[in-house]
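Me: I would like to learn how to read a helix and its surroundings in a model. Could you take me through one case, step by step?

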Amino acid sequence: LLMLNVAPKELRENIARANGYLRRGEVARALAAMSAALRQFTGIHLMRGPRAELDIQISEFLNSLIHHQAMQPLLDPSGSGKPKIIRYQQGKENILATVLDGLARILTSSAEEEIRREAETRLERKKSLIETGTKLIQEGQLAKGRAFLKRVAEEFSDDEGIRVQVGKIFEANNCLVEAAEMYEESIEHQPREVAAYTGAIAAWLQLHEFEKAEKIFMAVLRTFGGHPNTYGRMAKMYWDWRKRDKAEEMAIRALQGNKEQPEAKAVMEAMQRR
């Protein structure tokens with residue numbers, strides 16, 4: 001029978017890893033590492049000194065584990081401060097590994113459940129803020145309603161497209177200034193969000209805020225380059241703004257790219273009638 005005077009490197013590393021994970025609060029990973037170490041133990045014959053050293057490390061791990069707060073719901077559900085003890089016995093490494101695997105599975109599934117619950121709660125809160133804000137605006141309590149909707153954009157600012165979503169709600173409820181400002185905020189945070197530019201331009205044009213619409217058009221050209229439809233819409237804006245020369249210039253640019261661009265054609269026809 002070959003007796004080793006040093007434990008295999010992989011075994012020592014797994015035990016060290018298990019203790020490191022536990023200290024960092026990564027309990028499921030700690031359990032998996034210790035379980036792997038215990039399974040490696042089977043079939044290895046160590047001399048008494050190195051064996052005793054590893055036994056102490058495993059026992060210390062188990063002692064820290066049962067007192068870890070993440071384990072309380074499983075090992076001390078009543079909060080008595082006296083958790084169930086997980087003992088380590090030589091020769092029964094496989095049984096202990098199976099116990100640790102089971103605990104890791106329970107921990108992982110309860111962590112996933114917790115994440116799912118948090119996501120649901122968050123979604124409910126978002127829905128509730130949007131519904132309250134919309135209802136207040138519809139009841140004529142504009143300032144309050146606006147505050148609720150702006151809070152949605154702030155609180156859920158990491159959600160993809162949230163500002164465009166809030167902008168559309170403002171727009172649907174005829175709060176065009178708020179809609180335009182929200183779309184502009186979206187442009188700042190996500191410069192390639194096409195819907196934000198489209199929304200901001202539409203809102204400012206409806207309000208006859210031509211200078212503000214022009215500023216967004218310029219940003220579109222900088223970000224996405226020129227396109228016949230962009231030039232066509234700019235031609236119409238300049239025409240409505242009574243800037244005849246600019247309207248003509250943009251209409252020509254649009255028609256160079258697309259002879260059938262509708263807004264540009266309409267502007268040219270209107271000019272010929274004048």
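Reply: What follows concerns one helix, a residue within it and the core around it, in a model that is predicted.

Me: How many residues does helix α8 have, and what should they span?

Reply: Helix α8 runs over residues 176–189, and because each residue should add 1.5 Å, its 14 residues should span 20 Å, which agrees with end C-alpha atoms that are 20 Å apart.

Me: Which residues of α8 are buried, and what covers them?

Reply: In general, an α-helix has 3.6 residues a turn, so residues three or four places apart point the same way. In α8 the buried residues are L176, E178, A179, A180, M182, Y183, S186 and I187, and the elements that cover them include α6 (142–155), α7 (162–172), α9 (194–206) and α10 (210–224).

Me: Why does E178 count as buried or exposed, and what is it in contact with?

Reply: E178 counts as buried because its relative accessibility is 13%, which is under the 20% cut-off. Leaving aside neighbours within four places in sequence, E178 is in contact with R146 and F170, and its side chain is joined to that of R146 by a polar contact of 3.2 Å.

Me: Where does F170 fit in the largest nonpolar core?

Reply: In soluble globular proteins, nonpolar side chains tend to be buried together. Here the largest nonpolar core has 47 residues, of which V166 and F170 touch the most other members, while α10 gives the most to this core, with seven residues. Beyond its neighbours within four places in sequence, F170 is in contact with residues including I137, L149, A179 and M182. A second, separate core of 32 residues includes A7, A33, M34 and F41.

Methods:
Residues are numbered from 1 along each chain as its sequence is written. This is a predicted model: local features need pLDDT of at least 70, side-chain atom pairs count only at pLDDT 80 or more; totals for chains, interfaces and linings use all residues. Side-chain values use heavy atoms; hydrogens and water are left out. Helices (H or I, at least four residues) and strands (E, at least two) are DSSP runs, numbered from the N terminus. The expected span of a helix is 1.5 Å times one less than its number of residues. Buried means under 20% relative accessible area, exposed over 50%, partly exposed in between (1.4 Å probe, protein chains only). Contact means heavy atoms within 4.5 Å. A nonpolar core is a set of buried Ala, Val, Leu, Ile, Met, Phe, Trp, Tyr and Cys residues joined through side-chain atoms within 4.5 Å. A polar contact is a pair of N or O atoms within 3.5 Å; within protein, one must be able to donate a hydrogen and the other to accept it, and residues adjacent in sequence count only if both atoms are side-chain atoms.
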